[in-house]
Amino acid sequence: MKDRPIVSMEEMERQREYMRLVRAMGHRPHSYHIVSMGCQMNERDSESIAGMLSEMGMVAQPVREQADLILYNTCCVRENAENKALGNVIWLKELKKTRPELMICVGGCMTQEKDMAAMMKARYPFIDLVYGTHNLYKLPEYVYRVLTERRPVVEVMDIDGEVVEGMPELRRNHFNAFVNIMYGCDNFCTYCIVPYVRGRERSREPGAVVEECKRLRDEGAQEIMLLGQNVNSYRGGGAAFADLLYQVDRLGIPRIRFMTSHPKDLSDELIAAFGELEHLMPQLHLPVQSGSNEVLKRMNRRYTREHYLDLVKRLRAVKPEIGLTSDIIVGFPGETLEQFEETMSLVEAVRFDAAYTFIYSPRKGTRAAEYPDDTPYEVKSERIQRLIDLQQAISLEALTAQVGRRERVLVEAVSTRDAGSVGGKTPRGHMVNFPGDASLIGHFVDAEITSAGRNTLRGRRIITEA
Ligand code: SAH
Ligand code: SF4
Ligand code: F3S
């Protein structure tokens, strides 16, 4: 990994000047609504977007149709993500007819795809701004140009992306925070578009990460999630990911988690960290993708089933209660029934707390999109259904095993399904709902687990005598 330039202070100052200029304008949007699609990286970017828009004098408008500026932060990891984004954008055309002043912005991974911006410019001229993943920091300049030039701005940069420090931000809440430690990905798994739209791997300096975490701690963060497409290959200023974790752990933030980990790079030091670090939660998302060595090879994952199972064994030796979750792709080109059965048997053997399962979706420009694929979609659907059924039974078993335990829960939100309840996570990452109100959000509560549902636990609050 090469050192990447950091966007200069002067450039950030220029953008700050644009924010001031927009703010001073009379005929500008006064409210915004951001639709964030895809993964946590996009969610974190949306916090920067919210920060920039609010510095431009806009306030968040929860009702999309009423906002003066609507921004779609898109994902393209699978075709359905892309269709959803495009479908939404087309719908905005109707809204714009009734509200010509509405400003429509589309950015994120989908717009960074090859030829996508040109296609959007030609087919959707009602979109005011199209930008990509590498030039997000220029949003203030682009908004200013849309307002002054009064014509669409379409700008997607081809260069690989830099590390941008010091962008404004408006975080979702003060108690659990996402912290980027790196950007991009160099792994080129043959099915995956992320390396093409997020650029080459580049790490932030450990000092910058630690400073950000310290600031968040001082502002009341109870939990932080360190983010990267493959945090195990973090290399910032000579520090490996495990080194960074030790530094962050010392800050005393009650809970630390991270994602995502690539099995090929999960180091001995990182496994050991689960046994040593006080604040690192016993939870790990370790996508396996397939249980067949042949398929893993064609996916360019660069580990074997045996290596993966060995990692699981070693993680559990260090931390027996660790909660493991995974991503699995079904119906990769050429996957035979036998190879699929190997995924089933791996899932049986590992017993994940949860697994996110996807039917393979060909992505233009990736290597696997060229692979012959003769498995009918119906067969893939049947396979994924079998896998989902199996995983659900295992998840239920894992959740049922929690009943009767006392767990410390960081309350995150009022439950949308259970009236009068709030929900939050245990150290292992299980969601628990129990009676309570919004005043508990952001606080730790001790709960006794009373029952297990399909995806969540129910509990009751234990009030301990002071
Ligand atoms: N960097 C992360 C994953 C990012 S994408 C990692 O390496 O684990 C999230 C998940 O989407 C992947 O783990 C994979 O399971 C799935 N995915 C990515 N590309 C896909 C495709 N073309 N079709 C189906 N699923 C895909
Ligand atoms: Fe995609 Fe593989 Fe990189 Fe994950 S590690 S983002 S799956 S290329
Ligand atoms: Fe994330 Fe989707 Fe981009 S998964 S990195 S938002 S393609």
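Here is a chat between two people about a predicted model of a protein chain.

Colleague: Let's get our bearings. Into which domains is the protein divided?

Modeller: This is a predicted model, so keep that in mind as we go. Reading along the chain, the division gives domain 1 (9–155), domain 2 (173–281), domain 3 (286–401) and domain 4 (406–461).

Colleague: Which residues have the most contacts inside the largest nonpolar core?

Modeller: In soluble globular proteins, nonpolar side chains tend to be buried together. Here the largest nonpolar core has 53 residues. Helix α13 (residues 337–350) gives the most to this core, with 5 residues. The ones with the most contacts inside the core are I224, L226, F241 and F258.

Colleague: And between which domains does this core lie, and why?

Modeller: Look at who supplies the residues: both domain 2 (173–281) and domain 3 (286–401) give some to this core. That's why the core lies between domain 2 and domain 3.

Colleague: Which residues does F258 touch, leaving out those up to four places away in sequence?

Modeller: F258 is one of the residues with the most contacts inside the largest core. With residues up to four places away left out, F258 touches M225, L226, V231, F241, L245, L270, F274, L280 and L284.

Colleague: How many residues are in the other core?

Modeller: This core lies apart from the one we just discussed. Among its members are L69, L129, Y131 and M167. Its residue count is 30.

Colleague: On to domain 3 and domain 4. About how much area do they bury between them?

Modeller: Start with the contacts: 10 residues of domain 3 are in contact with 8 residues of domain 4. The C-alpha centres of the two domains lie 29 Å apart. Of the area buried between them, 50% is on carbon and sulfur atoms, and the total is about 700 Å².

Colleague: Which residues of domain 3 lose the most area to domain 4?

Modeller: Helix α14 (residues 377–400) gives the most to the side of domain 3 that touches domain 4, with 6 residues. Three residues together make up 63% of what the domain 3 side buries. They are D353, Q392 and L399.

Colleague: What is the N to O distance in the salt bridge of D353 and R428?

Modeller: The count between domain 3 and domain 4 is 1 salt bridge. There are also 3 residue pairs in polar contact across that interface. In the salt bridge, the side chains of D353 and R428 meet with an N to O distance of 2.8 Å.

Colleague: How many places apart in sequence are the parts that E82 and R363 tie together?

Modeller: The whole count comes to 47 salt bridges, and E82 with R363 is one, its closest N and O atoms being 2.9 Å apart. E82 lies in helix α3 (residues 79–98), while R363 is in the loop between β16 (354–359) and α14, so the pair ties together parts of the chain 281 residues apart.

Colleague: Are E82 and R363 buried or exposed?

Modeller: Buried means under 20% relative accessible area. E82 has 11%, and R363 has 5%. Both values are under the cut-off, so E82 and R363 are buried.

Colleague: What about R215 and E169: buried, partly exposed or exposed?

Modeller: These two form a salt bridge, with the closest N and O atoms 3.3 Å apart. R215 is at 36% relative accessibility and E169 is at 25%. Partly exposed runs between 20% and 50%, so R215 and E169 count as partly exposed.

Colleague: Which residues join R171 and E212 in one network of salt bridges?

Modeller: R171 and E212 form a salt bridge, with 2.5 Å between the closest N and O atoms. R171 sits in the loop between β6 and β7 and E212 in helix α8, 41 residues apart. R171 and E212 are both buried. Through shared partners, their network also takes in R44, E47, E165, E169, R172, R204, R215 and E219.

Colleague: One last thing: how far apart are the C-alpha atoms of E94 and V248?

Modeller: E94 is in helix α3, and at 45% relative accessibility E94 counts as partly exposed. Along the chain, E94 and V248 are 154 residues apart. Their C-alpha atoms are separated by 48 Å.

Note on methods. Residues numbered from 1 in each chain as written. Chains lettered and ligands numbered in written order. Predicted model: local features only at pLDDT ≥ 70, side-chain atom pairs only at ≥ 80, totals over all residues. Heavy atoms only, no water. Core = buried A, V, L, I, M, F, W, Y, C linked by side-chain atoms within 4.5 Å. Buried < 20%, exposed > 50% of the residue type's maximum accessible area, 1.4 Å probe, protein only. Helix = DSSP H or I, 4+ residues; strand = E, 2+ residues; numbered from the N terminus. Domains from an automatic or database assignment. Contact = heavy atoms within 4.5 Å. Buried area = accessible area lost by both parts, 1.4 Å probe. Salt bridge = Lys/Arg side-chain N within 4 Å of Asp/Glu carboxyl O. Polar contact = N/O pair within 3.5 Å; in protein donor to acceptor, adjacent residues only side chain to side chain.
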